[in-house]
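Hi there,

Here is the structure I said I would pass on. Have a look at it first, and then read on for what turned up.

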Amino acid sequence: MQRRLSHTAAQDPAHQFGDLYSLLCNAVWLRVAVHHVQQNAGSETAGIDGKTMSNFRGNFDGYIEELTTTLKAETFEPCPVRRVYIPKPNSEKKRPLGIPILFDRIVQEALRMILEPIWEADFSVHSYGFRPNRSTYDAIAYIGNRLKGNGSSYQWVIEGDIKSYFDTIPHRRLIKAVKKRGADRKIRDVLWKFLRAGVMHRGQFEETLTGTPWLTDKTQILYFQAASWYSKTKRDCRRFSSCFLEAMAGSGSGSLLKYTVVMSSQPLLSA
C-alpha cells in the first residue's frame, strides 16, 4: 500500500488522497506501527499514564482491538505529553522534550506510515532531515563536493539553525499544508487533536497553541516543504530539519549580512 501511495503521488503532483483514514483503523497497519515503535530506544519510556511497551506486550491483542475500535468510532483522543528537559549539545541550555503515551506514539507512527510515502514524492532534493536513506552527512558531502569541483566560485559555507522551529510552527498552516495532498478530513482531524493535546509539566497542564514538539518528524518537516523557502534562493542550500548548510559565491560582510536577514526565523514562519 505504501508503494501504491508513493507511485500515485509521484505520477500526479496535484492528486489529493481520500479515504486514508481506513488505513489508520486497520489492525494489521497498527500492528506494523507497534513493531516500529518497539524498535525505538525510548519504547520503555512512559508518558503521563506510566505505561511502557512491556505493558502493551502483556495484552497485545486486547490493546490493538481497543485502538482499532476507538479509531473506527472516531472517539480517539490524544493525551497531553509529559514534558521533560534534556541537555542541549554544546550548550548550557536545555531542550524541551515531549513524551507521548504509548497509544499516541503508535497512532503517530501509523500516521507517519501513511503520510511519508505521499510527501516523499514532493520533498525537494535539497531536503535531508528525517528522510529515508538521507542524513546530515549527505548534505555535508554534497556541499563538500561542490566546493572541490572544478571551476567552483563558492567562497562561503554557512551553517544556520532556525530558532525554536519545533515550538513555533503555526497549526492552521500545517493543517492547510496537509490538505493540499490529504483530502481525508478525518486524518486532518486526528492531526489537529495531536497538535492541541497540550503538555503536562510538574503536574500542571499547559496548552499548545503553536508548535509540534511531539509529532512525527515527517509531520514537522512537512511545514518546511509547504513553506518552500529554500527553493526561492539561487544559492546552493542543503537543508536538514530546522538547520541548513549553504555554499554561496561572493565575498565581503555584505553578502553574509544579507543572508542572515533573509534566513532569520521569524519572517519565515509568518510569510
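Before anything else, a word on how the pieces are named: helices and strands are DSSP runs, with at least four residues for a helix and at least two for a strand, and they are numbered from the N terminus. Also keep in mind that this is a predicted model.

With those names in hand, you can place C79: look in the loop between α5 and β1. C79 counts as partly exposed because its relative accessible area is 27%, and partly exposed is the class between 20% and 50%. Leaving out residues up to four places away in sequence, C79 touches I48, I101, D104 and A197. Take D104 from that list: C79 and D104 are 25 residues apart along the chain, and their C-alpha atoms are separated by 7.4 Å.

Stay in that loop for a moment, as two other residues there are worth a click. T75 also sits between α5 and β1, and with 49% relative accessibility T75 is partly exposed. From T75 to V190 is 115 residues in sequence, but 10.0 Å in space, C-alpha to C-alpha. Then there is E74, in the loop between α5 and β1 as well. E74 isn't a glycine, yet its phi is positive, at about 60°. Its relative accessible area is 39%, so E74 is partly exposed.

Where else does a residue other than glycine have a positive phi? Try R202, with phi near 55°. You'll find R202 in the loop between β4 (199-201) and β5 (204-206). R202 is exposed, as its relative accessible area is 76%.

Now zoom out. The chain has 13 helices and 7 strands, and 43% of its 271 residues are buried. If you take contacts between residues at least 6 apart in sequence, 69% of them join residues at least 24 apart.

Next, the inside. In soluble globular proteins, nonpolar side chains tend to be buried together. Here the largest nonpolar core has 44 residues, and L24, F56, L71, I106, V107, L111 and I187 are the ones with the most contacts inside it. Several elements give two or more residues to this core, among them α1 (2-11), α5 (60-72), α6 (102-119) and α10 (185-195). Which helix supplies the largest share of this core? That is α6, with 11 residues.

L71 is a nice one to click on. Apart from neighbours within four places in sequence, L71 is in contact with Y21, L24, C25, L30, F76 and V107.

Back to α6, since there is plenty to see. Of its 18 residues, 18 are buried. You can also check its length: at 1.5 Å a residue, the 18 residues of α6 should span 26 Å, and the end C-alpha atoms are 25 Å apart, which agrees.

Finally, see how α1 meets α6. Their axes come within 7 Å and cross at roughly 30°, and the crossing is right-handed. On the α1 side the contact is made by Q2, L5, S6 and A9, and on the α6 side by M113, I114, P117 and I118. Sorted by class, that contact has 6 nonpolar, 2 polar and no charged residues.

Cheers

Definitions and conventions: Residues numbered from 1 in each chain as written. Predicted model: local features only at pLDDT ≥ 70, side-chain atom pairs only at ≥ 80, totals over all residues. Heavy atoms only, no water. Core = buried A, V, L, I, M, F, W, Y, C linked by side-chain atoms within 4.5 Å. Buried < 20%, exposed > 50% of the residue type's maximum accessible area, 1.4 Å probe, protein only. Contact = heavy atoms within 4.5 Å. Axes fitted to C-alpha atoms, helices over the stretch in contact; angles between N-to-C directions. Left-handed = near helix turned anticlockwise from the far one by under 90°. Nonpolar A, V, L, I, M, F, W, Y, C, P; charged D, E, K, R; others polar. Expected span 1.5 Å × (residues − 1).
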